[in-house]
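Hi everyone, thanks for coming. Let me put the structure up, and then I'll walk you through it.

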Amino acid sequence: MQNNSKNIKDKISEMINNGDINIKPKFYYILKTILLIIATIFIFIFAIFLASFVYFYFKISLLWALPILGFAGVKAMILYLPWVLILILLAIIVILEFVAEQFSFVYKKPLLYSLFAIIIIIFITASLISYGKMHENFYITANNRNQLVKYLYADVAEPKMPNIHNGRVIEIIQKDLLMENRRGDKILVKPLFELKRDIVKDDFVIVVGKRIGNVIEALDIKRVNQNSNFFDKNMMRKNIMK
Amino acid sequence: MDNAIDQISDEQIALKVQSGNKEVYSQIVQRYEKRFLRYGRKFFSNNDDITDSIQNIFIKSYININSFDASRKFSSWIYRIAHNEFVNYLKKKNKRILPIFDLDIIFPHLAVDKNNNIESDLDKKYIAQELEKFIDKLDIKYKEPLVLYYIEDFDYKEISDIMKIPISTVGIRIKRAKNLLKNNIENAK
């Protein structure tokens, strides 16, 4: 063991004296810490943006209101959830947890605590952001923005539910409804059942049925208690590029 | 000169190396080599593996000496490097390594053992002696915190820094390891 000891000690001293191994400068560690902090902040901001976008998607597609259609509505809600966005968000949360584990105040506590804290911070901040107008402004002006914003707000955020439609009632014509959707299309809704009298002009409705041209033969129509301005004239997509 | 160096702490030696006095680093090698040999034997049985790993530990700690914060304990810092080195060496050798995700890391309170009265039966010295005899029968997950606590004399907080696991997980693993050790002792009687 004495030989071993001498060997290692001598070998290390020799390496140091020959310049085979050199001490990394302090600046390297300062830079590394700064980059780690910046990366953590950026990942956090991205996660918050994505979470608020998912929240916006929920509102704009009226996914949250689909259960009023009964079991079929719940099924449709699960089917049309933005799964890709949700999976990306989950992956980012896992990455964030890994990055955060580099800090001693994080790894000293059980993983569940830090994971829970990260999720809470992301979702509280995202819901606060959703009260603002950022996503709405991007949505309205998506066609005039750069390709990424256009893709996100004109394609991804645009609900793709072929047999479920929504809009604002602008006129009641005998048994039928004239509805205006967010794109500004005026659609005639022809119920295949006796229309309830509780639907009046300016109500927001979800309509189930196949759309052919600007006519929907409705299998179901439900009034939505909409307290946001998503169907407001201002929320109509400004298709200036069209 | 040598006597003066013997008197100063590891942290002061590290500060001297950081400020350019490279020669004193050999003192670090001298102070920690035996400890790492003892620590390494808990991971490997092959002496060459241990010697290679120890050499790498001292090379890495020298290269990264500027990342050491002198307000902290040097032994915890260098043992963190040793832990990584041994675990990576085990990975290379395709031996069983510590799991990344474990219930006792995710939420240690769920993993708390109810049968936890073993501390009163075995004192620290006795456990350290018995540990040497039965160490190979323990899983590495339990072996390492037990060795760091009873043989290398670190506290829970320091072991948490060395292994980068929650402090409560250190406590859980030591408690479980002691129960396993107790079972092994009883089976051997």
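Before I point at anything, one bit of vocabulary: two strands pair if DSSP finds at least two bridges between them. Helices (H or I, at least four residues) and strands (E, at least two) are DSSP runs, numbered from the N terminus.

Now some housekeeping. This is a predicted model, where local features need pLDDT of at least 70, side-chain atom pairs count only at pLDDT 80 or more, and totals for chains, interfaces and linings use all residues. Residues are numbered from 1 along each chain as its sequence is written, while chains are lettered from A and ligands numbered from 1 in the order in which they are written.

Let's start with chain A. Five strands make a closed barrel here, in the order 1-2-3-5-4, with mixed pairing. On average, neighbouring strands of this sheet are turned by 55° against each other, ignoring direction; the axes are lines fitted to C-alpha atoms, and angles run from 0 to 180 degrees between N-to-C directions, with helices fitted over the stretch in contact.

Have a look at strand 2 of chain A. On one side, strand 1 (residues 164-173) pairs with strand 2 in the antiparallel sense over five bridges, and Arg168(A) has Glu180(A) as its bridge partner. The hairpin of these two strands has two residues between them, and Gln174(A) takes a positive phi near 50° there.

Strand 2 (residues 176-180) also runs antiparallel to strand 3 (residues 186-191), joined by four bridges. Here Glu180(A) turns up again, with Lys186(A) as its partner, and Met179(A) is matched with Ile187(A). This hairpin has five residues between the strands, and Gly184(A) takes a positive phi near 95°.

So which residues of strand 2 are buried? Leu177(A) and Met179(A) are, pointing to one face, while Asp176(A), Leu178(A) and Glu180(A) point to the other and are not. By buried I mean that 20 or more other C-beta atoms lie within 10 Å of the residue's own; exposed is 12 or fewer, partly exposed is in between, and C-beta atoms are placed from the backbone. In a regular strand the side chains alternate between the two faces of the sheet.

Over to chain B. Its domain assignment gives domain 1 (2-92) and domain 2 (103-188); such bounds come from an automatic or database domain assignment. Where the domains touch, nine residues come from domain 1 and 10 from domain 2, contact meaning C-beta atoms, placed from the backbone, within 7 Å. Helix 5 of chain B gives the largest share of the domain 1 side, four residues.

Next, the core, which is a set of buried Ala, Val, Leu, Ile, Met, Phe, Trp, Tyr and Cys residues joined through C-beta atoms within 7 Å. The largest nonpolar one has 46 residues, and those with the most contacts inside it include Val29(B), Phe58(B) and Ala82(B). Helix 5 of chain B again provides the largest share, seven residues. Both domains of chain B contribute, with at least three residues each. Ala82(B) touches Phe36(B), Tyr39(B) and Ile57(B), leaving out residues up to four places away in sequence. Apart from this core lies another, of 18 residues, including Ile48(A) and Tyr153(A).

Last stop: how many residues does each chain bring to the contact between A and B? Chain B brings 28 and chain A brings 23. Helix 4 of chain B gives the most to the chain B side, with seven residues.

Conventions: Contact = placed C-beta atoms within 7 Å.
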